[in-house]
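Let's take a walk through this model together, beginning with a strand pair and working outwards to domains and chains. Keep the structure open beside the text as you read.

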Amino acid sequence: MAVLVDRNTVVLVQGITGKEGSFHTRLMLEYGTRIAAGVTPGKGGSEVHGVKVYDSVREALEEHPDINTSIVFVPARFAPDAVYEAIDAGLKLVVVITEGIPVHETLRFTNYAKSRGTVIVGPNCPGVITPGEAKVGIMPGHVFSRGPVGIISRSGTLTYEISYALTKEGIGQSTVIGIGGDPIVGLTFTEAMEMFERDPETKVLILIGEIGGDMEERAARMIMEGRFTKPVVAFIAGRTAPPGKRMGHAGAIIMMGEGDYASKVRALEKAGAKIARNPFEIPSIVSKLL
Amino acid sequence: MKLYEFEAKGILARYGVSVPRGVVVEKGEDVRGKLVSSGLTPPLVVKSQVLVAGRGKAGGVRIAKSLDEAVSLVELLFDYPIKGLKPRYVLVEEAVEHSVELYASIAIDRSARKPVVLASLYGGVDIEEIARERPESIIRYHVDPYTGLRGFEARFIAKKLGLKGGLMQSFASLLQSMYDAFIDYDAELVEVNPLTIVGDRVVALDARIIVDDNASYKHPELAVERIEGGEVSEWESKARRLGLAFVELDGYVGVLGNGAGLTMTSMDLVYEYGGIPANFLDIGGGASAERVKKAVLLLLEFPKAKSIFINIFGGITRCDEVARGIVEALREYGGKPKPIFVRLSGTREEEGRRILEEAGIRAFDNPVDAVIEAIKAAR
């Protein structure tokens, strides 16, 4: 078992002919992900690393009806259109890697996706991986290994860092989800937690948060209310970040006293989650919970 | 991207919001000529156009009883720094006699994933202060991004504030105009504070609009040069021009990482091991050698950083590109190079290490070792 992606995941790559799209198509194929087709308007009929390219999502789906997931590498200006195209074609999971999409656009397409029953992961995210089954994203595959730990993260690089630390200690992961660093994202902590709660393979969950927003506080509330019952280990980046400054991610900013490190840690601790002071403590904390 | 007050008012006026009659004077223009031909009637309000908070308290807003006084105040304000920043524009407006000051804004509520309208009868101070002093006075209303803010919803908010009759209608139409501007300009914030009441109409005395940087390509007309001083340091604006995410801090260990989370964690690590970071510098995902070179050069020049801690975990970022960027930066840098401690892990790490080692730079695989060395070297 796993969540979101597994060996039955068949992927469409939107923006496959671009630099990032084609580079990561190759890496995903090498990892063993089943990529059925790609889309780049105007490039239909060509091929990228042996994957057929179509002009539209509908055409790709007509030829490859088993596609159930899309990954979007389309540049920011055109990415919202690509996402709507995937939603309207009936795909139930769309992973948006693209960085720099205007927040109003994300607001509209994430709400639209919800009304159509499509899960959006991202934007501005590293994607989703179920080690040994499918990698739908840009993460380095070799840092992951299969096992009982689920990970939900707002930070790409930190996810790799922490997964690698776990892997080196012989602790594998069920599914790792990078939800993205923008102020508005599709899949949230709590929605992903509902999925891990139902997944029998996941025994422990790691939440990698950062300052800004209130997703960590909401996760804490979910644990308090008994809607998430597995042990949780949390790491929050930005303990020493000054208030009011945007720390790289547009989402990582402390506004009006909300979203600071202390309030997140307080809420999670109160809910019974174990807090790691730095990423390198996580493996030893997790191993005690397994 | 923060817009100047006169730009925000200009936009809102086009959407039907009442604003005081006024004229903008740019530095170097004939102030008297411009004021005379504007036909404004004193008393006048003279307002320094700076993109910093607390302008009024800092003396950036003055009252002129005559045109002559207004001319000398405009000239005074051009040379009057607000938080270290002199304005390029000064706005002169007819004073609006008023006794009440209200507040209205539209922003995005991240957790609700919806636009939110905030309104209060007690404006004139910032929303944080209203939230502290009179939290019960704030009306908070979420808008469905599909339907937008409809008339009956805007009237509902106005009514809830206690406004009646024509005033209720006028406030409601103000909110709808603000909402339309909010959408059309991809704004993170549209704020009118204070707004006042003249007869049964509301008038915007001050306005702020912040446009999402990611959407600025849609609004080429806003591409005037913006001096964001005061809250942005010299080195921060330098980094911004290079397209780098950089925040200046108070310490002495330069910090460079890839990804916001890892870079923040690198700062946290510097603190944990007894040092203080000089900055936050995130090269982002998939940085080329060229971009890394620019970032490293910036830290080599940045005087607060006495040593440099580079923390890279390669995913989409390739360690070999990073290593090449570091080596090129050191080659290009004229001065005595600062001690650099690099932690490289992930995609193409072996090649990255080889490049660094050939250039005589030690590569660490444990960030804790690198951070301890960087702190030691900075002292």
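## A sheet, its helices and its neighbours

In this predicted model, a good place to begin is Val10(A), which stands opposite Arg34(A) in S2(A). That pair belongs to a parallel pairing in which strand S1 (residues 10-14) of chain A is joined to strand S2 (residues 34-39) of chain A by five bridges. To get from S1(A) to S2(A), the chain passes through helix H1 (residues 19-31) of chain A, and the resulting β-α-β crossover is right-handed.

S2(A) also has a parallel partner in strand S4 (residues 51-54) of chain A, with two bridges between them. Here you can look for Gly38(A), which has Val53(A) of S4(A) opposite. Further along, strand S5 (residues 69-72) of chain A runs parallel to strand S6 (residues 93-96) of chain A, and four bridges link them. Within that pairing, Val72(A) has Val96(A) in S6(A) as its bridge partner.

The three pairings can be set side by side:

| Strand pair | Sense | Bridges |
|---|---|---|
| S1(A) and S2(A) | parallel | five bridges |
| S2(A) and S4(A) | parallel | two bridges |
| S5(A) and S6(A) | parallel | four bridges |

How do the strands fit together as a whole, and in which order do they form the sheet? Seven strands of chain A make an open sheet, ordered S3-S4-S2-S1-S5-S6-S7, with mixed pairing. At the edges are strand S3 (47-48) and strand S7 (119-121) of chain A, each of which pairs on one side only.

Now add the helices. H1(A) packs on the sheet, where it touches S1, S2, S3 and S4 of chain A, and its direction makes about 165° with that of S2(A). Helix H3 (residues 79-88) of chain A packs on the sheet as well, touching S1, S5, S6 and S7 of chain A. The direction of H3(A) makes about 165° with that of S6(A).

### Domains of chain A

Stepping back, chain A is divided into domain 1 (10-121) and domain 2 (139-289). The C-alpha centres of these two domains of chain A lie 26 Å apart. Where they meet, nine residues of domain 1 of chain A are in contact with eight residues of domain 2 of chain A. On the domain 1 side, H4 and S7 of chain A are the elements that give two or more residues. H4(A) gives the most, with five residues. By class, that side of domain 1 of chain A has seven nonpolar residues, two polar and no charged.

### Meeting chain B

Which helices of chain A supply at least two residues each to the side that touches chain B? First, the extent of the contact: 47 residues of chain A are in contact with 42 residues of chain B. Helix H4 (103-116) and helix H5 (156-168) of chain A are the ones to look at, each supplying at least two residues of that side. H4(A) therefore deserves a second look, as the side of chain A that touches chain B includes at least two of its residues. The class make-up of this side of chain A is 23 nonpolar, 14 polar and ten charged residues.

Chain B itself is assigned domain 1 (21-94), domain 2 (102-222) and domain 3 (234-378). The centres of domain 1 and domain 2 of chain B, taken over C-alpha atoms, are separated by 26 Å.

### Confidence

Chain B has a mean pLDDT of 92, and 97% of its residues reach 70 or more. For the complex, the predictor gives an ipTM of 0.83 and a pTM of 0.89.

How values were computed
Residues are numbered from 1 along each chain as its sequence is written. Chains are lettered from A and ligands numbered from 1 in the order in which they are written. This is a predicted model: local features need pLDDT of at least 70, side-chain atom pairs count only at pLDDT 80 or more; totals for chains, interfaces and linings use all residues. Two strands pair if DSSP finds at least two bridges between them. A crossover is right-handed if, with the strands pointing away from the viewer, the path from the first strand over the helix to the second runs clockwise. Two residues are in contact if their C-beta atoms, placed from the backbone, lie within 7 Å. Axes are lines fitted to C-alpha atoms, for helices over the stretch in contact, and angles run from 0 to 180 degrees between N-to-C directions. Domain bounds come from an automatic or database domain assignment. Ala, Val, Leu, Ile, Met, Phe, Trp, Tyr, Cys and Pro count as nonpolar, Asp, Glu, Lys and Arg as charged, and the others, Gly among them, as polar. pLDDT is the predictor's confidence in each residue, from 0 to 100.
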